[in-house]
Amino acid sequence: MGNQYPKRGDLSRDASSRGGESEDSSGVSRREFLKISGASAAAPLLAGSLLAGSLAGESLVSESLVCGSTILAAGEVVPVYGPGPLPMEFSINGKEYKANLEPRVTLLDALRDQFDLTGAKRVCDRGECGACTVLVDNRTVYACSLLAIEAQGRQILTVESLMQRSALHPIQQAFVDHDASQCGFCTPGFVVACKAVLDKNPKPTVDDIRRGLSGNFCRCGTYHGIQQAMAQLALTQKT
Ligand code: FES
Ligand code: FES
């Protein structure tokens, strides 16, 4: 079982739906969805009456639909957040954290800039490299691609949770033993991804390891060392 990262292919649409007006099971066509999405995205940026006026030409959003901090989208009243800071609470590495954050802030920025948890690295900042990998409810997540507001109420684990005082976690020690790090920018993300693989299966096969780490890139080419580290862990871990 691999990481839970969205694959690039997941973002592309089926060729049959590109140009047409196909409807999904919700009954909302692609064009309608884009209108709703545009209205929802614009709502936090504009005052209510201005928003209603600017969207008066849209068939799905009218003045009567915009009501303070909610908006009617696809027949449902949904809340609108921001654009200013909101009080948020997080559970990170077993501790509670609070901050006032704008809804646009990513989990990665919240970790690094607000809570001084800088283990997760910002490298591509677009969900491609895995340097920002953290666990959210035990699933690997690109922290650069998840809004902090959506991470509330979840159990967030970062690489900082692994070390116990000055003792390296066995995964970290295995990386040291097998020289699995060079510049180190990818390393925290790989360590977290390795933990996810081993949590799921303490005795992963080579294929399990490759698949589980397929969402993480190393520009220095430490893949062999990482695989050796994982092989060591697979031998020593208890099932
Ligand atoms: S920094 Fe998040 S995937 Fe690259
Ligand atoms: S050790 Fe440099 S990018 Fe992986």
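**Three local regions of a predicted model**

Good morning. I begin with D179, which is partly exposed, because 13 other C-beta atoms lie within 10 Å, a count between the 12 or fewer of an exposed residue and the 20 or more of a buried one. Please bear in mind throughout that this model is predicted. As to its place in the chain, D179 belongs to the loop that links α6 (170-177) with α7 (187-200). Its C-alpha atom is 9.3 Å from that of H224, although 45 residues separate D179 and H224 in sequence.

I turn next to the hairpin of β2 and β3. Strand β2 covers residues 70-73, and its side chains alternate between two faces. I71 and A73 point to one face and are buried, whereas T70 and L72 point to the other and are not buried. The neighbouring strand in this hairpin is β3, residues 76-79; β2 and β3 run antiparallel and are joined by 4 bridges. One of these pairings sets T70 opposite P79, its bridge partner in β3. Between the strands there are 2 residues, and within this hairpin A74 adopts a positive phi near 50°.

The last region is helix α4, residues 107-114. Which residues of α4 are buried? They are L107, L108, A110 and L111. In an α-helix there are 3.6 residues a turn, so residues three or four places apart point the same way. The buried residues of α4 pack against two elements, namely β5 (95-101) and α5 (148-151). After α4 comes D116, with a positive phi near 60°.

That concludes the presentation. Thank you for your attention.

Notes
Residues numbered from 1 in each chain as written. Chains lettered and ligands numbered in written order. Predicted model: local features only at pLDDT ≥ 70, side-chain atom pairs only at ≥ 80, totals over all residues. Pairing = 2+ DSSP bridges. Contact = placed C-beta atoms within 7 Å.
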